[in-house]
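Hi,

Here is the structure I promised to pass on. Have a look at it first, and my notes follow underneath.

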Amino acid sequence: MQLEWLFALIPLTVGAGFLAFGVHGLRRAETLRRRGVTARARIVRHEVRRDDEGARYHHPVASWTTQDGRECTHASRFGRGTVAPRYGVGATVVVRYDPTKPSRFIIQGWDTPTVDRLFTVLGAVLAGATVGVVLVRLVTL
């Protein structure tokens, strides 16, 4: 196998990873839309995480009571650089959670499927383009 064929594995692997991440997020969102239960929650704090470049991302932590009376407190999987007042500590928000696993939840208005859609599209384009280039290369050999 020539070296340039190995280089084709890099964008294909990255594209497949992006695609898998995006599709997983979209399926999760669809499951919550169909089977999820809504509840009123309160933002109790923000978990602040830093990326490799030092940028800060705020992940609101919501606390609510499930229909069966369990107390839940979980951080959103999405973080943002700034926090609007309606998601500040003490704010009341609506969450949609999976009744079988309440840690799977979204804060309505904060968690949007835009990131998952972006990863799905980028992954499909990257993987598809790589496969296309490899096929063209195979045909023209």
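Which residues is A91 in contact with, leaving aside its neighbours within four places in sequence? They are A41, R42, I43, P85 and R86, where contact means heavy atoms within 4.5 Å.

Before the rest, a word on the source: this is a predicted model, in which local features need pLDDT of at least 70 and side-chain atom pairs count only at pLDDT 80 or more, while totals for chains, interfaces and linings use all residues. Residues are numbered from 1 along each chain as its sequence is written, and side-chain values use heavy atoms, with hydrogens and water left out.

Back to A91, then. You'll find A91 in the loop between β3 (71-75) and β4; helices (H or I, at least four residues) and strands (E, at least two) are DSSP runs, numbered from the N terminus. A91 counts as buried because its relative accessibility is 13%; buried means under 20% relative accessible area, exposed over 50% and partly exposed in between, with a 1.4 Å probe and protein chains only. A41 sits 50 residues away from A91 in sequence, yet the two are 8.4 Å apart in space, C-alpha to C-alpha.

Next, the inside. The largest nonpolar core (buried Ala, Val, Leu, Ile, Met, Phe, Trp, Tyr and Cys residues joined through side-chain atoms within 4.5 Å) has 16 residues, and A62, W64, V93, V95, Y97, F105 and I107 have the most contacts inside it. At least two residues of this core come from each of β1 (37-50), β2 (56-65), β4 and β5, with β1 giving the largest share, four residues. Not counting residues up to four places away in sequence, F105 touches, among others, W64, V95 and Y97, as well as R28 and L32.

Those last two belong to helix α1 as well: R28 and L32 are among its buried residues, along with W5, A8, G15, G22 and G25. The buried residues of α1 pack against β4 (92-98), β5 (101-107) and α2 (114-139). Helix α1 itself covers residues 3-35 and reaches 48 Å from its first C-alpha to its last, close to the 48 Å expected at 1.5 Å a residue (the expected span is 1.5 Å times one less than the number of residues).

α1 has an outward side too. F18 is found in this helix, and F18 counts as partly exposed because its relative accessibility is 30%.

Happy to hear what you make of it.

Cheers
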